[in-house]
Amino acid sequence: MRKNILIIDDDRDLKDFLQQALSAAGFHVETVDRGALGLRKLLSEDFDLVLVDINMPEISGPNICQALRKHEKTRDLPVVMITTTFHSPEQIKAAKEEYGVDDFLFKPFTGIDLQQLLERVFNAAQKNESLKSKVLPISDFTIPTQLHRLYVEKVTGLLHLHHGEAKKVIYIKGGYPVFSRSNVLGECLGRMLVREGMITQVDCDQSVEISKKSGRLQGTVLIQMGLLTPQDLKTVLERQVTEKLLSTFAWRNGTLYFEPGKNFKKGVTQIRLSPASLILQGINRYWTIKQIDEFLYPFASDYLCQSTNPKYRFQDIDLGNRGMKVLKSCQGQKRLQDILEQHPLARREVQKLIAALLISEMLERHATPQQGDAEDHVDADIAMIDEKLRRKILNDYQRIMDANYFDALAVDRSSDSGTIRRAYYKLAKEYHPDRYLGSDLSREMSIKVNEMFQYITQAYTVLSDPVTRTDYLDELINGPKKKIDINQVIEAESAYQEGIALLRVRRFSTAANMLKKAVELSPEEPEYMNNFAWALFKSAPEKSDIRNQAMEILLAARELNPGSYQTHLYLGYVYQAQGQERQSVKSFEMAVQANPDCTEALRELRLMNLRREQSTQHKGLFSGFGKKGK
């Protein structure tokens, strides 16, 4: 079956070239020159790949990609972004993380570049699809690498782990483990509390009985019995979730699969845990010397440096003094084996630390020495939220979110790329969401921290690219270009699709109301206007005021898109109902010119021609009869 590809680009020459090249390769290709129209097509039709220019008018390529990732239908659709300027590896990685872009097509490119791109994208899509539905075997390194993969993809759902008779389910929300269930008796809450001396076995048995009869969770029952405080329960649950998950690091076989989901039932107590911190703890406790050596052996000659992506670099992790020294020493100038030789008495400890940092991508590997960026990792921990910190977050939130990108990063408009990068790293370090996992940050404050991190990341992405930075400066000086609200586009498309469904079952009045909403949300979309006018006309074709209103809408749609056969077809029907035959014929003829396969217009023209012939014959017959009578 042929794959469907959509190209969204306002460069006609490039668009035509891509269409010809991809069609010749056997793909079915469609093109649009506006971001809003492209987004609507993607939300309503089925495509296997979209290529979008990064600097589209109305809606930019990154914003289109972000909207696709939020919508159920297009969440996993492969997206390739077309750009003129070569991005650095860190910019590529940041853009993929921030916007959900699968790959880039850098201009200028050759046919071979395009072919290689398609192979990468479709092979990756096939691999991702198999990972979602396939049960995977557990081997030496599976659990930590899977945890990090889920964190990278920001997924929500259930991670099912099986090992012999043991079964565990890890609840993942936005990439973070938040809860766990297990059939291992020793890991149940009551037994854990008894083992730690927090309650007696009698208390445990009594709470289990009350829990069974009332249907309430055992932790809630223990609070009501006066045996635990809410804070005790939160601390114990966090420790329980951690222990259930970390114990799987000792598994050398078994299976796992991930079940995507949107939310969890209300009874789940959600405690966000940092995957990087869990990976380090699990490796420290459960990985054997053989595992460590086998994992690190291929990387012995690689040069290690701190990640250039702040999302990975500033994850929440307790490194300790030695860990901080090791991390700071990784500036791209030392090989893995050199770093280990500097710690002969703590070699195993450092090996485990480096393994965890590599899996969580806080460290990067390079075949050659790198120019280090001496930005330190976050040293300070935030144990508890206080009013001073709360006020600081609120003040920074107001300053950053109300500012343009330069002011948000506190840099001048003439700042060089190094200054911009350092300013961004400073803020990203301070407002990385992982930093606040161990605090009592309220949901409101957590949302603000996340929004700030996303905004400054977007600011850095724009300002670090010379092309997008120039465009952004132009908008600041000359005013913003016309933009479209993506949420409004999606709402309009939903109303349009519902209206079309109602049209098919001939519920014309209801369809007209729904299509009117689509037109109000997107008043310059000819297709919406066409179908609204048609539904309106069909709802009461006998009423002249309705016919006139439909006529006005169709004429306005014709101004926006003179080449739409649908507009001419509907105009033909309305003119016909108005008794304006000459205009009706002309409209049907225009519909056929725009689309030679428009059977409705062809049928109407044949019928009208037949009626004219019959009328001529009748006139001739009566005319002869009159002459004969004389």
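**Exercise 1.** In this predicted model, work out whether S587 is buried or exposed.

*Solution.*
Step 1: Look up the relative accessible area of S587, which is 6%.
Step 2: Compare that with the cut-off: buried means under 20%. So S587 counts as buried.
Step 3: Place the residue. S587 sits in helix α27, which covers residues 581-594.
Step 4: Look for its partners. If you skip the neighbours within four places in sequence, S587 touches H568, L571, G572 and Y575.

**Exercise 2.** Compare the reach of helix α25 with the expected value, then find which of its residues are buried.

*Solution.*
Step 1: Helix α25 takes in residues 544-560, 17 residues in total.
Step 2: From first C-alpha to last, α25 reaches 25 Å, close to the 24 Å you'd expect at 1.5 Å a residue.
Step 3: Now for burial. I546, R547, A550, M551, I553, L554 and A557 of α25 are buried.
Step 4: Ask what does the covering. The cover over those buried residues includes α24 (526-539) and α26 (565-577).

**Exercise 3.** Describe how α24 and α25 pack: what are the angle and the distance between their axes, and how are the helices oriented?

*Solution.*
Step 1: Start with the two values we need. A pair of packed helices is described by the angle between the axes and the distance between them.
Step 2: For α24 and α25, the angle is about 165° and the axes are 9 Å apart.
Step 3: Angles over 145 degrees count as roughly antiparallel, so α24 and α25 are roughly antiparallel to each other.
Step 4: Add the handedness: α24 passes α25 in a left-handed crossing.
Step 5: List who's touching. From α24 come P526, M529, N530, F532, A533, L536 and F537, and from α25 come I546, R547, Q549, A550, I553, L554, A556, A557 and L560.
Step 6: Sort that contact by class, and you get 13 nonpolar, two polar and one charged residues.

**Exercise 4.** Do the same for α12 and α16: how are they oriented, and which residues make the contact?

*Solution.*
Step 1: Helix α12 (residues 289-296) packs against helix α16 (residues 347-359) at an angle of about 55°, and their axes are 10 Å apart.
Step 2: Roughly parallel needs an angle under 35 degrees, and roughly perpendicular runs from 65 to 115. The angle of about 55° fits neither, so α12 and α16 are oblique to each other.
Step 3: α12 passes α16 in a left-handed crossing.
Step 4: On the α12 side, I289, I292, D293, F295 and L296 make the contact; on the α16 side, R348, Q351, K352, I354, A355, L358 and I359 do.
Step 5: Those residues split into eight nonpolar, one polar and three charged.

Conventions. Residues are numbered from 1 along each chain as its sequence is written. This is a predicted model: local features need pLDDT of at least 70, side-chain atom pairs count only at pLDDT 80 or more; totals for chains, interfaces and linings use all residues. Side-chain values use heavy atoms; hydrogens and water are left out. Axes are lines fitted to C-alpha atoms, for helices over the stretch in contact, and angles run from 0 to 180 degrees between N-to-C directions. Helices (H or I, at least four residues) and strands (E, at least two) are DSSP runs, numbered from the N terminus. A crossing is left-handed if the near helix is turned anticlockwise from the far one by less than a right angle, and right-handed if clockwise. Contact means heavy atoms within 4.5 Å. Ala, Val, Leu, Ile, Met, Phe, Trp, Tyr, Cys and Pro count as nonpolar, Asp, Glu, Lys and Arg as charged, and the others, Gly among them, as polar. The expected span of a helix is 1.5 Å times one less than its number of residues. Buried means under 20% relative accessible area, exposed over 50%, partly exposed in between (1.4 Å probe, protein chains only).
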